[in-house]
Amino acid sequence: MDFQAVEAIIGKHQGKRTALIGILHDIQEQYNYLPAGALEKIAQRLQMDLPNLYGVATFYKSFSLTPKGKHSITLCLGTACHVRGGPKLLREVAKRLNIEPGQTTKDKMFSLQAVNCLGVCAIGPVMLVDGKYYGEMNPVKARKLIEKLIPNGRGVRA
Amino acid sequence: MRKIESLSGLEKWRERILARQKQYETVVSVCGGTGCHAYGCKRVRSQFAKVLRENGSRSKIRLRFTGCRGFCERGPIVTIQPQGVFYQKVQEKDVPLIVSKTIEEGKVLDHLLYEEPTTKRKATSEKEVPFYKAQHRLVLANNGLIEPTKIEDYIGIGGYRALAKALFAMEPDQVIEEISASGLRGRGGAGFPTGRKWEQCRNAPGDMKYVICNCDEGDPGAYMDRSLLEGNPHSVLEGMIIGARAIGANQGFIYVRHEYPLACKNGEVAIHQARRAGFLGQNILGSGFDFDVEVAEGGGAFVCGESTALIASIEGRVGEPRSKQIHTVAQGLWEKPTNLNNVETWANVPLIINQGSQWFSSIGTEKSKGTKIFSLVGKVKNTGLVEVPMGITLKEIIFDIGGGPQDGKKIKAVQTGGPSGGCIPASLFDLPVDFDSLARVGSMMGSGGMIVMDEGTCMVDVARYFVRFLKEESCGKCLPCREGLKRMGEILDGITEGKANGGSLALLEELAEVVADTSLCGLGKTAPNPVLSALRYFRPEFEAHIQQKKCPAAVCTPLIQYSISQVDCTGCSACRKVCPTQAIEGEKKQSHRIVGELCSKCGSCKDVCKANAVMVQ
C-alpha cells in the first residue's frame, strides 16, 4: 500500500499531537479504515509509542482497523429514536444484511454501525446511509432503501 | 474582506453591510439544519436558485440558507420576508408556485401553511404557530436571520458588538462581574455558575490559559448545541473571545463530536472568517488582545463530554477521565488553567454583555436565570428545539408547545437529563423547570434533552436502555462503573426477558447505590439515576414483568405476542407482503393469521395495517 497520502495528511495537520484524532479521521476517510502501515507512520512522525497509538485508535468508536464496506449504514439508537422504534429497526436491518452492528458484509458491500445519537432527534428513528440522513424510518422503508443499493437486486451474501 | 482594526472600522463595516442588504426587496430563507437536510432542503434551495436565476430576480431577491429553525419534523421550512410567511414541508415542486404567487403576487399558498391539528386553523406566520408562540427565543433568535457561513449576516444583526464593548468599554474584572451578576449557570448540565468558574480560572496562577467550548453533545435525544454551532457559529465564537479576554486566555478549542459534520464545517468556516476580519488572531480589533481558536474533533466517545476526558482527547490521548481533586480551572489542558463551557453557555455571553446582567436576570426563576433550549422529542406531536424561560412548567412545554400526545395515546412521562437524568411522571407535569426543581424530583437539567414517553413506552426497557448505553460508553478505568453497570444491565435484561425473581429489584437498588457512591467520574456517579427514578415512579411496571411475566406497554419482545383480529382483518394482504419471515398466512380478502413460531416480532405488519387489526399482547 502506498502511504504518500499519510504524509500529506500529517502535513495538513502540521504533525501536531493535538490533531491526532483529526489525522485518524482523515486517514480513515482516505483508506476506508486505519491500515497498520499508516498507524506505524503516524507513530513515527508524531513520536508516539505504537501501543499508545493503538490505544487511541481502538478507544474511539469512529475508527476501524478493518476495511469498511462500500456502503455505510448507521442507525441511531439515541433515546428519541429508541422510544420510536430504533431497536426494532436495527434488528431488521441487521437481519437483512446478515451482520451485526460493527461488522461488514463478506462481499464488502455494506458496513453497519449503531451509534448513540446522531442529533436529528426530532425526526427519529433516523438512519444515515452513505452520509445522507433518512428520518421517520421503519423496517419496511429501510429494507426498500437497502434493496436499492444492492447491484442487480440479487441480494446480499453475507 | 478587509481586516478590521478598530471599533470605528467595525461600525463602518456594519453600515456598508446594512446598506447593501437594502437592495433586496424580498428574502427567502430555506432552513439548512440537519433535520431539514433529511427532508431534502438542499434540493429546495437549488430549485429556488434556479427559478430566481431564470426569471432574473436574483438582484432583488436574496436566497438565504439558514441554520436550524427548530421545528424539524415539519421540514423543509421556508420563510419569506418581509411578508413573514411561514411555509412547512416544502418540496421542490412547490418552488415555482411560491415564487410566482407569494413573492410576485403576494398571495399565500394555503397548502404549505401549518395547520393546527385540533382547530384546523392555519398559521400564516411563524409567531402564529403554537410551537413557536409560547417560546422565548433569545439564543436561537437569530438562527433564521443569518446564513451561518456568511460573517456579514452576523455583523448585520449587530454581531461582535458585545466583543467591542468587552474590549473597549469594560475591564476583564467587570466582564466577569457582569456574567456573575446575570446569574448565568452552565448549560451543559450541572449548572455551575459561569461567572464563578471564570473568576476561578482568572485567579489561577499561570501565564498560559485556555478556554474550551464543549460541543461533544453526547446526550442522546439532545441536539441544541449542534444547531447553535451549525446555525450561528459566530455567536459561540464571540462568547469565547469575550470569555478568553476576561480570563486571560490566548488559545481556545471547540471540541465537536465527529457525528456532527456540519457543525465541524460551519465552526471551521466561522473561525477562518473571524481571523480574516480581525476578531481572532493578534491584536484583536486593535485592542492589543491576542486570541485564536481551533476545532478539535471527537472520535465517538460519550465519556469525552466529561471535562477531564475531553481534555485528554484534545491532547491526543485516550479519553479517560481523571479524579477532579484538582479542578480543570487550575490544571486542565496540558496542566494549564482551563475554562470549559458548553456551546449554549458561550452563546449566552454576547447577549448578556450587550443587554446587561439586569435584563438577563429578569428572565427565569430565583436561582436559574435566562432561557434554556430543550430538544422536545419522542412521543409528542410537535418535535423540535424549543427555547423557553426557566421556570416554565413541563405541562406548558409538552402540551402548549409540543401539542400533546401523538396518535391519541396517553403521555406517561418525560425523560430529562439524558443518561444522567431521570424519568418524570405525568403527575408531576406542573413542575416549573429549572436546575434545582428537576434535581428535587430525581432528574436533572442535563444539556436539555426532553424525551416524551407514552403508554407505548416500557419504563423497564427505558431503564435498561440507559444502563446498556452507559455500559458501552464506560471507559473502563474504574471498577464500579465498568463492572457495576454490566451487572445492573444483566439484572434488567433478566426482568425484560421474564427471567427475574423476587430479589432482583432489591439487588438492583443496592448495586445502583454502590455505583453512584464509588465511581470516579460523573458518568458512573449519575448512571443509576434513570434506573432509580424509573423504580421510584413506575415500580408496578417492573413488578408486572417479574411477577406476571407481562410487559404492560407491549415492548419487551420475549414477553409479547403478535396476532391478527379475525373480526377487523380485511384480508388486504399488506401485512403478508411485508413480513420478512413469511409468518403470515391467509387468502386475499379473507382473514389472515400469524404463525407464532415464525414471527420475529418486528412489527412491520402492525405498521402497514390500515384496519388496525394487528394486536400485541
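**Exercise 1. Find how β8(B) pairs with β9(B), then place both in their sheet.**

Step 1. Over six bridges, β8(B) and β9(B) pair in the parallel sense. Strands here are DSSP runs of E, at least two residues long, and helices are runs of H or I, at least four long, numbered from the N terminus. Two strands pair if DSSP finds at least two bridges between them. The model is predicted: local features need pLDDT of at least 70, side-chain atom pairs count only at pLDDT 80 or more, and totals for chains, interfaces and linings use all residues. Residues are numbered from 1 along each chain as its sequence is written, with chains lettered from A and ligands numbered from 1 in the order in which they are written.

Step 2. Take one bridge. B:V256 has B:E297 in β9(B) as its partner.

Step 3. Widen the view. The open sheet has four strands, ordered β9-β8-β7-β10 in chain B, with parallel pairing. Its edge strands are β9 and β10 of chain B, each pairing on one side only. On average, neighbouring strands are turned by 20 degrees against each other, direction ignored.

**Exercise 2. Classify two helix contacts of α11(B) by angle.**

Step 1. Set the rule. Axes are lines fitted to C-alpha atoms, for helices over the stretch in contact, and angles run from 0 to 180 degrees between N-to-C directions. Angles under 35 degrees count as roughly parallel, over 145 as roughly antiparallel, 65 to 115 as roughly perpendicular and the rest as oblique.

Step 2. Helix α7 (residues 161-168) of chain B packs with helix α11 (residues 233-247) of chain B at about 10 degrees, axes 9 Å apart. Therefore α7(B) is roughly parallel to α11(B). From α7(B), the contact uses B:A162, B:L163, B:A166 and B:L167; from α11(B), B:E238, B:I241, B:I242 and B:R245. Contact means C-beta atoms, placed from the backbone, within 7 Å. These residues divide into six nonpolar, no polar and two charged. Nonpolar covers Ala, Val, Leu, Ile, Met, Phe, Trp, Tyr, Cys and Pro; charged covers Asp, Glu, Lys and Arg; the others, Gly among them, are polar.

Step 3. The axes of α11(B) and α14(B) come within 7 Å and cross at roughly 75 degrees. So α11(B) and α14(B) are roughly perpendicular. Contact residues of α14(B) include B:W346 and B:P350. The split is nine nonpolar, three polar and one charged.

Step 4. Link back to the sheet. Helix α14 (residues 343-355) of chain B lies across β7 and β10 of chain B, at about 95 degrees to β10(B).

**Exercise 3. Is α13(B) buried or exposed, and what covers the buried residues?**

Step 1. Buried means 20 or more other C-beta atoms within 10 Å of a residue's own, exposed means 12 or fewer, and partly exposed lies in between.

Step 2. Helix α13 (residues 307-314) of chain B is mostly covered, with eight of its eight residues buried. Among them are B:L310 and B:I311.

Step 3. The cover includes α2 of chain A, together with β7, β8, β9 and β10 of chain B.

Step 4. Just after α13(B), B:G316 takes a positive phi of about 85 degrees.

**Exercise 4. Describe the contact between chains A and B.**

Step 1. Count: 39 residues of chain A are in contact with 51 residues of chain B.

Step 2. Elements of chain A supplying at least two residues each include α2 (20-31) and α4 (50-59).

Step 3. The chain A side divides into 19 nonpolar, 13 polar and seven charged residues.

Note on methods: Contact = placed C-beta atoms within 7 Å.
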